[in-house]
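Hi there,

Here is the structure I promised to pass on to you. Have a look at it first, and then read my notes below.

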Amino acid sequence: MFKEVKPSHSSLEQYGIKNAKALWNLSPEDLTKITVENNLGEIADSGALSIDTGEFKGRSPLDRFIVKDSITADSVWWGNINIPFEPNHYDALKTKVMDHLSGQELYVRDVYACTDERYRMKIRVITELPWSNLFASNMFIEPSDEERENFEPDWIVFNAPRFQAEAEKDHTRQHNFAILNFSDQVALVGGTGYTGEIKKGIFSALNFILPHQKNVLSMHCSANVGNDGDTALFFGLSGTGKTTLSADPNRRLIGDDEHGWTSDDVIFNFEGGCYAKVIDLSEEKEPDIFHAIKPGALLENIIFKPGTKNVDFEDSSKTENTRVSYPIDHIENIQPNSIGENPKNVFFLTCDAYGVLPPISKLTPGQAAFHFISGYTAKVAGTEEGITEPVVAFSACFGAPFMPLHPTKYADMLSAKMQHSHVNVWLVNTGWSGGRYGVGSRMKLKYTRAMITAALNGQLDNVEFKNHQVFGLAMPTECPNVPQEILFPRNTWADKDAYDDTANTLAEKFVKNFEKFADNASDEILAGAPKVTGKVG
């Protein structure tokens, strides 16, 4: 009935999964058809498949574990992000998951991660739901049928959303879990249907393997390339504009989330697709993403307009984290092979709800490392239950939940690469201006795009800069197509004393957050910290 591409001599029995009906490497069309026929999803007017991920509409970082063994014990930065899991507890839990998967109809997909073939990882994704397998098809790199003939995986993802752990017996926090085992080379995911756990599990594995074993910097960033071959990187946490700003009609997209930077200055995408937030999506604001939502794409946790199959992108009643995954070739303006060279500009994106940071500023190498390790943004009212005032959020390397090594390892590698390649590093505030959240207004997207374009085109290379008196950031005194008064955040505040107080308060939070990294940081990095003062200027 369905066309399968099954590798020779492959069986699920070797993993302890018994009497399962395995469907190997089905097409996206077949996976979509099975999902709909089993009442697990619906087809939107655009032709995309719409599903509900169930109880979990996002990742659960407190339920992410790494098995502590001879490979990881002295290498992983253990703590409340990288939570240790005992090998014997993993073995017992894995056996229970394999028993759960036995006797079921399962979906198996053989895929690659990393577009640079020198660092390619072969992955086998085994899922109990067809739409989870479609997600893997979208997000990873599809081999040819010939390459699948003798496919032998480096890593395996077992994805069992319908399995629920018993916390006390299985030594998990609750019934869901995502566990990495570097000795077994397995990502074990159970109790959650949220597909992001699949991709972030492999991303976390690469964030250990590439820097630790291959001298490749792994990065939570988007990337694009200009007509002259100049590559730009965009780091940022959720809500800062990483996906939106890298989708530039005048530049070719390399990828929107996960990349490697090699010792010979090659930038390569880990993935074969994009996983974009769609809350408040419109054709006008983000045409590339809007038009990528077509047959083969997978919509998650959206709401249809009443009586239709037309998506209401403004409806967040299920979650603010509505998503779509799609193959990267759903976007027209993409970089061939998702590989770039010659990085020239790096942008750190932050949504500063305090309205303190400049809309664009240039960083020294020490400041770049400091802000990279800090990974600052701010959560605003409505993003999480109970938040009524802006809350400072620091996520090391702009992706702490996925970084197994100490943040200074990634920062030192980034700093060395930036200095070797003579890269310009910019801090871009996509958050508030003219006052904090509730007083000022969000920076207009057209101004942010104009500032980034000016930086990319070299139009800020020879302008005068003025240093921020608290953060020490070099602020350009002019920028094409941007009102001059916007470039200096203090000037946009009606109450200058309030700005000074707020700037110093935010600086204190930066310094306090960095205390846990200070012992591993160089003098140059420490010199990149803000200086708490009285009046700003």
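Let's start with a single residue: Asn-159 sits in strand 8, which covers residues 155-160. Please keep in mind that this is a predicted model.

Is Asn-159 buried or exposed? Its relative accessibility is 2%, and a residue is called buried when that value is under 20%. Asn-159 therefore counts as buried. Leaving aside residues up to four places away in sequence, Asn-159 touches Ile-126, Thr-127, Glu-128 and Ser-132, and also Val-189, Thr-192 and Ile-198.

Next, find helix 9, made of residues 365-374. This helix is mostly covered, with nine of its 10 residues buried. The buried ones are Gly-366, Gln-367, Ala-368, Ala-369, Phe-370, His-371, Phe-372, Ile-373 and Ser-374. Just after helix 9 comes Gly-375, which has a positive phi near 60°.

Helix 9 also has a partner to look at. Its axis and that of helix 12 (residues 496-514) come within 10 Å, crossing at roughly 80°. Angles of 65 to 115 degrees count as roughly perpendicular, and the two helices are therefore roughly perpendicular to each other. Which residues meet there? From helix 9 they are Phe-370, His-371, Ile-373 and Ser-374, and from helix 12 they are Phe-510, Asn-513 and Phe-514. Sorted by type, the residues of this contact are four nonpolar and three polar, with no charged ones. If you compare the two lists, you will see that Phe-370, His-371, Ile-373 and Ser-374 of helix 9 appear among the buried residues too.

Now zoom out to the whole chain. How many helices and strands does the chain have? There are 13 helices and 28 strands. Along the principal axes, the C-alpha atoms fill a box of roughly 75 × 55 × 45 Å. For 537 residues, a compact globule would be expected to have a radius of gyration near 24 Å; the chain has 23 Å, so the two agree.

Buried residues account for 59% of the 537 residues. The accessible surface of the chain is about 21200 Å², and 46% of that belongs to carbon and sulfur atoms. Finally, take the contacts between residues at least 6 apart in sequence: 72% of them join residues at least 24 apart.

Enjoy exploring, and write back with any questions!

Best wishes

Technical notes
Residues are numbered from 1 along each chain as its sequence is written. This is a predicted model: local features need pLDDT of at least 70, side-chain atom pairs count only at pLDDT 80 or more; totals for chains, interfaces and linings use all residues. Side-chain values use heavy atoms; hydrogens and water are left out. Axes are lines fitted to C-alpha atoms, for helices over the stretch in contact, and angles run from 0 to 180 degrees between N-to-C directions. Helices (H or I, at least four residues) and strands (E, at least two) are DSSP runs, numbered from the N terminus. Angles under 35 degrees count as roughly parallel, over 145 as roughly antiparallel, 65 to 115 as roughly perpendicular and the rest as oblique. Contact means heavy atoms within 4.5 Å. Ala, Val, Leu, Ile, Met, Phe, Trp, Tyr, Cys and Pro count as nonpolar, Asp, Glu, Lys and Arg as charged, and the others, Gly among them, as polar. The radius of gyration is taken over C-alpha atoms; the globule rule is 2.2 Å times the number of residues to the power 0.38. Buried means under 20% relative accessible area, exposed over 50%, partly exposed in between (1.4 Å probe, protein chains only). Accessible areas come from the Shrake-Rupley method with a 1.4 Å probe; for residues, only the protein chains shown count as cover.
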